[in-house]
Amino acid sequence: QTDWPVWGGAAAMIILMGWSLARFQLPALVAADWGRVFRPLLRVLVPYYLVVGVYALVYGQVPWVSVLLLGTFGVTEQETHQMLPYLYWFVEVWVQMIGVIALAFAVPPVRRFAGRNPFGFGLIFLVAAVALRIWGLALWNVGARQLFTLPWVFWLCALGWCIATARGRQHWLVLGLIALLIGAESLVRL
């Protein structure tokens, strides 16, 4: 467990998610093979919705916010039992990240560029995700729950993408970006 920037090792998992997307899903994303892109979601969402069902039985109401995967949007508090506890934030953000990436790849020029230059795409993805981290939370204030939101963690997914697609000397650039971004994040948190 770490206390930076996302507790409980989730930061490493999100970096690995970006790495995995670039490493294993890039051909499907470039080909717009949405069945192959979204198939892995089933392995996570089936157990997730089983938990949602048990939660609904225990509390006598359907947690609609969690059913719609919107618990990280600050719509309600977990104490109302309209959403699962924050423990399940990772599933929601993972689905949201895949959705945003799929939306980007729905644009043919993006697919072509990413197919030709996956590392260049990763750098653009990282810049956009860092911008979302810096300014997104100002536009979308959810208080202390910000740690569980897409704007807070999406840059880690982009960083994983860059790690997976770096070749040769690009690895040094990624290492420098990691040092810069971790340093900046640590300064902000002080």
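These questions and answers walk through a predicted model, from the whole fold to one glutamate.

Reader: How many helices and strands does the protein have?
Author: Read along the sequence, the pattern is α-α-α-α-α-α-α-α. No strand interrupts that run. The count is eight helices and zero strands.

Reader: Why does the protein count as compact as a globular protein of its length?
Author: The globule rule gives 16 Å for 190 residues. The protein comes close to that, so it is as compact as a globular protein of that length. Its radius of gyration is 17 Å.

Reader: What share of contacts between residues at least 6 apart in sequence join residues at least 24 apart?
Author: A contact here means heavy atoms within 4.5 Å. Among the contacts between residues at least 6 apart, those joining residues at least 24 apart make up 65%.

Reader: How far apart are the mean positions of the positive and negative charges?
Author: The protein has 12 positive and 6 negative charges. Take the mean position of each group. The two lie 20 Å apart.

Reader: Is E92 buried or exposed?
Author: E92 lies in helix 4, residues 89-105. Its relative accessibility is 4%. Buried means under 20%, so E92 counts as buried.

Reader: Which side chain makes a polar contact with the side chain of E92?
Author: Beyond its neighbours within four places in sequence, E92 is in contact with Y48, S66, L69, L70, G71 and T72. The E92 side chain reaches the backbone nitrogen of T72 at 3.0 Å. Its polar contact with a side chain, at 3.3 Å, is with Y48.

Key: Residues numbered from 1 in each chain as written. Predicted model: local features only at pLDDT ≥ 70, side-chain atom pairs only at ≥ 80, totals over all residues. Heavy atoms only, no water. Helix = DSSP H or I, 4+ residues; strand = E, 2+ residues; numbered from the N terminus. Rg over C-alpha atoms; globule rule 2.2 N^0.38 Å. Lys, Arg positive; Asp, Glu negative; His and termini not counted. Charge placed at Lys NZ, Arg CZ, Asp CG, Glu CD. Buried < 20%, exposed > 50% of the residue type's maximum accessible area, 1.4 Å probe, protein only. Polar contact = N/O pair within 3.5 Å; in protein donor to acceptor, adjacent residues only side chain to side chain.
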